[in-house]
Amino acid sequence: APTCLAVPRLPVISLPDPGTRASRSVPMATTDEVDLLGFTIKVNELQKAERAGCDASSMLQYPAWQEYIEKDRMPTSEHKLKEMVRKSIPPPCRTWVWMNTSGAAKKKAAVAPNYYSIVSNAGSKSKFLSEIEMDAENTFTGHPWVQSESGQEALKRVLAAYSVHNGNLGYCRAMNNIVALLLLAMNRNEENAFWLLAALVEDILYPGTYSRNLTGCQVEMKALDELLYNKLPRLHAHLQATDCDISLLATDWYLCLFSTSLPSETVCCVWDGVFNEGPKVLFRVALALLKLQEEQLLACNNAGDIVMAVRQFASSMHNHDRLMQTAYEGIGGLPMATIDKFREAKAREVEAALRHRESGGVGPYVAPLDASAHGRGSLGNEKLDAAAVKVKTGFGKFMTGLNKWADKTADQMARAAEKIGIHDEDEPQEAPRPAQQRTALVSGAPMASTPPVASTLPVASTPPAVLVVGAPVAFTPPVALVVGAPVQSHGVPDSHDEQPSMASVSNVPAQPSRPWEV
């Protein structure tokens, strides 16, 4: 039977609360350390203590996991399994646990034993090979093994093999970062990394996340926006007031599964939950990151400062116990029925926007009325406020900057007209302004093959369709995909997960064959 590696138990370290005076007085001088996956990180004394405390609490769960690994079987109770995963998976046990909780082991067992060798050899002729090779060179450039010859070859083999295995999808940027981290977490086992990628793309993540137009990611961003409105309404209002669309903050979180945003050890803790509970954990962690720095973000007065604050906070989140405890216990109930309700409504918006673009974008685009949006009632309610039916597309509510400029110009023209005696009471209703029409455009260009650059340009009203290099895509919000940077005793599983938190989310059909929705 498979066994975990023998790892000595670490001492338990008491940490000061991050909000106390003692913790604020900790010297901020940093030193370089190498984390468990081989990344060089800069940490101060408080962060060193936090990492040691997280390691200690993780290893406390080692005996419980070792018992199941020796028997080569998972806990029969889903409640027990969720509890154990949320408390933490010790790093030496992750290979066995991830392969079983994700379904990767079953996918691997369903094909011939030499299947990976076959697709790996075929990958040498993949039509995506040039893109894969270019992206591999820019994957975690500071990691010695990933950038070594053996690391580069392993990364390219897994990606090329998957492009052959899943010919309909092929390859999409962001997979390179995910596979690189999987290889490191799986002790460089290419076949395990391959099947974990297959489980993520084919069974766990929302369909279309890595499609040509990133339609699945667009839907997830819009669903996250609705959850932010319900869970953190003050922050949601502030983001709207500063024209900071949620896609600027979270696109790379969902495409790269936090692998380029959080420290690698923290990413592994997030993936612990994703492999077992599914994409719900991505929403929980995204909301937890925003909740933990809500007051700081409310003090920012522009989108650029908000984006920088979020990135700096996430990149220094070495205390993964704190993050995951907030994600599991500090967000409240978050059943899949709620997420699926928002997804269903937002998918209609995205599809309508794409149809409008494919038809040539003729005429004003009006998105389907979203009954779930911010709890505004049902479609048949004749007393809906007029604002509820305002056009809402893509990742924003409009291209805010253009609208403000257009409104200001219109007011100036109206005042000028009044001065010379021109009145429009008898004139027909004005046609929609061209600027509003243009907000419905969705780019359909192929994926770029070099790392994108973050941007803080005004957010358009349609989802991003491509990852860009150096320049923004017209009328679409730029994708903030950053390459290079890359639970410990959380108590009983969240009982609220199975109870919808809002009355408006009943009778929503769940997607089939997804175990985390039970």
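Contact here means heavy atoms within 4.5 Å. The model is predicted. By this criterion Thr-31 touches Ile-41, Lys-42, Val-43 and Lys-48, leaving aside residues up to four places away in sequence. Thr-31 belongs to strand E1, which spans residues 31-34. Its partner Lys-48 lies 17 residues from Thr-31 along the chain, and the two C-alpha atoms are separated by 9.4 Å. The relative accessible area of Thr-31 is 33%. Buried residues fall under 20% and exposed ones over 50%. Thr-31 is therefore partly exposed.

Helix H5 covers residues 94-101. The helix is mostly covered, with 6 of its 8 residues buried. The buried set consists of Arg-94, Trp-96, Val-97, Trp-98, Met-99 and Thr-101. These residues pack against several helices. Among the partners are helix H3 (62-71), helix H4 (78-87) and helix H6 (104-109). Helix H10 (175-185), H11 and H15 also take part. Gly-103 follows H5 and has a positive phi, near 90 degrees.

Two helix pairs were examined for their packing geometry. Two packed helices are described by the angle between their axes and the distance between the axes. Helix H8 (residues 129-137) packs with H9 at an angle of about 140 degrees. Their axes are 10 Å apart. Angles over 145 degrees count as roughly antiparallel, and those from 65 to 115 as roughly perpendicular. H8 and H9 are therefore oblique to each other. Their crossing is right-handed. On the H8 side, the contact is made by Leu-129, Ile-132, Glu-133, Ala-136 and Glu-137. H9 supplies Gln-152, Leu-155, Lys-156, Leu-159 and Ala-160. By class, the residues of this contact divide into 6 nonpolar, 1 polar and 3 charged.

The second pair joins helix H15 (residues 264-277) and helix H19 (residues 320-329). The axes of H15 and H19 come within 9 Å and cross at roughly 30 degrees. Angles under 35 degrees count as roughly parallel. H15 and H19 are therefore roughly parallel to each other. The crossing of H15 and H19 is right-handed. H15 contributes Glu-265, Thr-266, Cys-269, Val-270, Gly-273 and Glu-277 to the contact. From H19 come His-320, Leu-323, Met-324 and Tyr-328. The contact of H15 with H19 has 5 nonpolar, 3 polar and 2 charged residues.

Aromatic side chains were searched across the whole structure, and 10 aromatic pairs were found. One of these pairs is formed by Tyr-162 and Phe-194. The ring centres of Tyr-162 and Phe-194 are 6.1 Å apart, with 65 degrees between the planes. The arrangement of this pair is edge-to-face. The pair links distant parts of the chain. Tyr-162 sits in helix H9 (residues 149-165) and Phe-194 in helix H11 (residues 190-204), 32 residues apart. Both Tyr-162 and Phe-194 are buried. Trp-271 and Phe-275 form another edge-to-face pair, at 6.5 Å centre to centre and 75 degrees between the planes. Trp-271 and Phe-275 both lie in helix H15. They are 4 residues apart, about one turn of the helix. Trp-271 and Phe-275 are both buried as well. Tyr-162 and Phe-194 also belong to an aromatic cluster. Its other members are Tyr-115, Tyr-116 and Trp-195.

Positive phi values also occur outside glycine. Leu-214 has a phi near 55 degrees, a positive value in a residue other than glycine. Leu-214 is placed in the loop between H11 and helix H12 (215-231). Its relative accessibility is 0%, so Leu-214 counts as buried. Phe-258 likewise is not a glycine, yet has a positive phi of about 70 degrees. Phe-258 is found in the loop between helix H14 (246-255) and H15. At 0% relative accessibility, Phe-258 also counts as buried.

Terms used
Residues are numbered from 1 along each chain as its sequence is written. This is a predicted model: local features need pLDDT of at least 70, side-chain atom pairs count only at pLDDT 80 or more; totals for chains, interfaces and linings use all residues. Side-chain values use heavy atoms; hydrogens and water are left out. Axes are lines fitted to C-alpha atoms, for helices over the stretch in contact, and angles run from 0 to 180 degrees between N-to-C directions. Helices (H or I, at least four residues) and strands (E, at least two) are DSSP runs, numbered from the N terminus. A crossing is left-handed if the near helix is turned anticlockwise from the far one by less than a right angle, and right-handed if clockwise. Ala, Val, Leu, Ile, Met, Phe, Trp, Tyr, Cys and Pro count as nonpolar, Asp, Glu, Lys and Arg as charged, and the others, Gly among them, as polar. Rings of Phe, Tyr and Trp (its six-membered ring) pair if their centres lie within 6.5 Å; planes under 30 degrees apart count as stacked, over 60 as edge-to-face and the rest as tilted. Buried means under 20% relative accessible area, exposed over 50%, partly exposed in between (1.4 Å probe, protein chains only).
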